[in-house]
Amino acid sequence: MNKKIVVENNLTPFIDFLKDSGYDVYTLHQNKNLDKINSNEYSAVIVSGIDVLSTNGTTYENPHVPVIEAKGRTPEEIYELLESRYNNIK
């Protein structure tokens, strides 16, 4: 698994924790850069809630990578999810 992930910009504690844990974090700014996410480069997208991905009048293909909802989870729990996925792929 690639250690490059996308995290919604308002999830600062998650961004900081994941960077400190060795992840290369690309910031998602209100879906404006969602079209630059592709499955070859990033391994996951972390958002505050799944509803953040819904937009009206915007055309893009949804990223073909796992989307993880941070709502109700700690940065440590998200890290563990990412790491368990990484360990299962090896």
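These are my notebook entries on a predicted model, going from the overall layout to one cluster of side chains and then to the cores.

**Entry 1: layout**

I started with the secondary structure. The chain has two helices and four strands, and I read the order from the N terminus as β-α-β-β-β-α. For burial, I looked up the share over the chain: of its 90 residues, 36% count as buried. I also checked how far contacts reach along the sequence. Taking contacts between residues at least 6 apart, 47% join residues at least 24 apart.

**Entry 2: aromatic pairs**

How many aromatic pairs does a search of the whole structure find? It finds three. The one I looked at to begin with is Phe17 with Tyr79, which is edge-to-face, with 5.9 Å from centre to centre and 80° between the planes. This pair links distant parts of the chain: Phe17 sits in helix H1 (residues 12–20) and Tyr79 in helix H2 (residues 75–89), 62 residues apart. I then looked up accessibility for both partners. Phe17 is partly exposed at 26% relative accessible area, and Tyr79 is also counted as partly exposed, at 21%.

Next I turned to Tyr23 and Tyr79. Their ring centres are 6.2 Å apart and their planes stand at 90°, so I note this pair as edge-to-face; the angle cut-off for that label is over 60 degrees. Tyr23 lies in the loop between H1 and strand S2 (24–28), while Tyr79 is in H2, so the pair ties together parts that are 56 residues apart in sequence. Is Tyr23 buried or exposed? I find it buried, with a relative accessible area of 4%. Putting the rings together, I get one aromatic cluster made of Phe17, Tyr23 and Tyr79.

**Entry 3: what else touches Tyr23**

I kept going around the Tyr23 ring. The charged end of Lys3 sits over this ring, 4.5 Å from the ring centre. The side chain of Tyr23 also has a polar contact of 2.6 Å with the side chain of Glu83. Glu83 is a residue of helix H2, and I have it down as buried, because its relative accessible area is 13% and the cut-off is under 20%.

Which residues is Glu83 in contact with, leaving aside its neighbours within four places in sequence? My list reads Lys3 and Tyr23.

**Entry 4: the salt bridge**

I ran the salt-bridge search over the whole structure and got one hit. It is Lys3 with Glu83, and the closest N and O atoms are 2.8 Å apart. Lys3 lies in the segment before S1 and Glu83 in H2, so this pair ties together parts that are 80 residues apart in sequence. I looked at the backbone too: the C-alpha atoms of Glu83 and Lys3 are separated by 9.6 Å. On accessibility the partners fall into separate classes: Lys3 counts as partly exposed at 27%, whereas Glu83 is buried at 13%.

My picture of this spot has Lys3 over the ring of Tyr23, Lys3 in a salt bridge with Glu83, and Glu83 joined to Tyr23 by the polar contact.

**Entry 5: nonpolar cores**

Last, I looked at the nonpolar side chains. The largest nonpolar core has 14 residues, and those with the most contacts inside it are Ile5, Val7, Leu18, Val25, Ile46, Ile78 and Leu82. Which elements each supply at least two residues of this core? I noted strand S1 (4–8), H1 and H2. H1 gives the most, with three residues.

I picked Leu18 for a closer check. Neighbours within four places in sequence aside, Leu18 is in contact with Ile5, Val7, Tyr23, Val25, Ile78, Tyr79 and Leu82. Two names on that list, Tyr23 and Tyr79, I had already logged in the aromatic cluster with Phe17. Apart from this core lies another one, of six residues, including Val6, Leu28, Val45 and Val47.

Note on methods:
Residues are numbered from 1 along each chain as its sequence is written. This is a predicted model: local features need pLDDT of at least 70, side-chain atom pairs count only at pLDDT 80 or more; totals for chains, interfaces and linings use all residues. Side-chain values use heavy atoms; hydrogens and water are left out. Rings of Phe, Tyr and Trp (its six-membered ring) pair if their centres lie within 6.5 Å; planes under 30 degrees apart count as stacked, over 60 as edge-to-face and the rest as tilted. Buried means under 20% relative accessible area, exposed over 50%, partly exposed in between (1.4 Å probe, protein chains only). A charge sits over a ring if NZ of Lys or CZ of Arg is within 6 Å of the ring centre and within 35 degrees of the ring normal. A polar contact is a pair of N or O atoms within 3.5 Å; within protein, one must be able to donate a hydrogen and the other to accept it, and residues adjacent in sequence count only if both atoms are side-chain atoms. Contact means heavy atoms within 4.5 Å. A nonpolar core is a set of buried Ala, Val, Leu, Ile, Met, Phe, Trp, Tyr and Cys residues joined through side-chain atoms within 4.5 Å. A salt bridge is a side-chain nitrogen of Lys or Arg within 4 Å of a carboxyl oxygen of Asp or Glu.
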